[in-house]
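Reader: Hi! I'm new to this one. Could you walk me through it?
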Amino acid sequence: MPAVGPADDRAWLRLAFRLGARARGRTAPNPAVGAVVVAGGRAVGRGWTAPPPGPHAEVRALAEAGERARGATLYVTLEPCSHRGRTPPCTDAILAAGIARVVAPVADPNPQVAGRGFARLRAAGLAVDVGLEAERARREHEAFFTWVTAGRPFVCLKAAMSLDGRVATAAGESRWISGEASRRHVHALRDEYDAVMVGSGTVLADDPALTCRLGRRAGRPARDPARVVVDSRGRVAATARFLDPERPAPVLVATTGASPGEWRRRLAAAGARVLVGPGDPAGRVDLRWLLGELAGLGITSVLVEGGPTLNGALVAAGLADKVMVFVAPKLVGGTGAPGLLAGEGAVEMADARPVRDARLRKLGTDWLIEGYL
């Protein structure tokens with residue numbers, strides 16, 4: 001086999017990341033992992049995580065490689081699992097296939113793995129290299145890492161605003177602030193996130209369907225995320241569009257004991273799963289409780305498309321991980337026009353929440369600013 005250097009390792013790992021991207025939004029609660037088997041300088045096996053309870057990326061790549069995997073190198077975007085869950089340990093398949101070397105960026109944060117996969121492979125005599133492209137791996141698997149370490153889904157706030165920071169007019173009209181390219185990008189995000197969440201105010205104002213309307217994307221059928229509506233007191237109608245029975249994705253409505261029992265029964269009859277939980281000091285749904293409930297259902301990522309009230313509450317509670325703001329080149333004006341975040345906000349500028357690793361890119365006529373909290 002020809003010598004393999006760091007540049008080759010990086011190139012093969014990047015191919016593995018691209019393969020893993022094919023599984024985004026379809027593997028929860030498992031991470032969307034990609035894997036490549038390389039022999040003689042050629043990729044002889046490719047794989048990405050199948051929807052549960054299907055095989056993991058490594059097993060699919062090894063199956064494609066067959067006997068060519070013997071003495072080859074396996075590139076995988078996360079540590080191979082070493083425990084039996086819904087599928088056998090990937091380390092068993094790697095050893096059985098005769099792989100000689102494994103290259104992976106980071107350890108699996110799951111306490112059942114957490115380095116044990118690497119240790120087992122090394123104990124069996126395999127060369128194991130860890131650390132290359134580690135930062136990218138943490139970003140690619142950020143939802144899984146958050147779900148495991150924080151016990152809640154990864155939360156991304158998505159919003160569109162005007163150049164002067166308004167998310168709607170003073171009359172409450174918000175369609176459409178952003179342009180067509182931005183709206184297409186939002187549907188691509190819905191295809192990748194496990195759930196989309198809004199508050200009752202957004203449902204009452206816009207009556208959104210909360211579905212993905214791409215048809216096909218990257219050669220595969222697009223999918224709808226789970227639809228989550230936060231309605232503390234029972235305001236949305238059982239005829240709202242998000243309850244469309246023709247779309248198979250789950251519908252969850254989170255409320256408190258302050259909502260009427262008859263209203264909950266109507267929503268349940270319309271196909272929603274109604275989650276009744278504790279209220280916060282303001283009487284609104286306790287968002288930390290809600291995210292814990294979603295995590296228990298295997299939801300690892302949530303795209304929040306709500307209004308200023310829900311956005312502000314998530315930021316104030318420290319529950320927002322990422323922001324994606326589409327800025328349109330238009331001026332709305334108006335003293336009463338709402339901004340991105342409601343609530344008390346920062347009293348002093350020193351208390352403002354910094355956004356880390358901010359990136360800017362052009363989408364049609366708009367600009368997308370995204371970063372981490």
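Author: Happy to. One open sheet has five strands in the order β2-β1-β3-β4-β5, with mixed pairing. Strands here are DSSP runs of E with at least two residues, helices are runs of H or I with at least four, and both are numbered from the N terminus. Two strands pair if DSSP finds at least two bridges between them.

Reader: Which strands stand at the edges?
Author: β2 (42-48) and β5 (127-130) do; each has a single partner strand, so one side of each lacks a neighbour in the sheet. From one strand to the next, the twist averages 15 degrees.

Reader: What packs on the sheet?
Author: Helix α2 (residues 57-65) does, touching β1 (34-39), β2 and β3. Its direction makes about 140 degrees with that of β2. Touching means heavy atoms within 4.5 Å, and angles run from 0 to 180 degrees between N-to-C directions, with axes fitted to C-alpha atoms, for helices over the stretch in contact.

Reader: Before I go on, where does the model come from?
Author: This is a predicted model: local features need pLDDT of at least 70 and side-chain atom pairs pLDDT 80 or more, while totals for chains, interfaces and linings use all residues. Residues are numbered from 1 along each chain as its sequence is written, and side-chain values use heavy atoms, leaving out hydrogens and water.

Reader: Thanks! New topic: is aspartate 366 buried or exposed?
Author: Aspartate 366 is buried, meaning under 20% relative accessible area (exposed is over 50%, partly exposed in between; 1.4 Å probe, protein chains only). It is in strand β16 (residues 366-372).

Reader: And which side chain of opposite charge is nearest to aspartate 366?
Author: Lysine 330, 6.5 Å away, and aspartate 366 has no salt bridge. A salt bridge needs a side-chain nitrogen of Lys or Arg within 4 Å of a carboxyl oxygen of Asp or Glu. Other residues that aspartate 366 touches include Ser178, Val327 and Arg361.

Reader: Where are the cis peptide bonds?
Author: One joins proline 52 and proline 53, with omega about 5 degrees. Proline 53 lies in the loop between β2 and α2. Another joins arginine 175 and tryptophan 176, where omega is about -15 degrees.

Reader: Last one: what is the phi of alanine 114?
Author: Alanine 114 has a positive phi of about 40 degrees although it is not a glycine. At 44% relative accessibility, alanine 114 counts as partly exposed.

How values were computed
Lys, Arg positive; Asp, Glu negative; His and termini not counted. Lists of a residue's contacts leave out its neighbours within four places in sequence.
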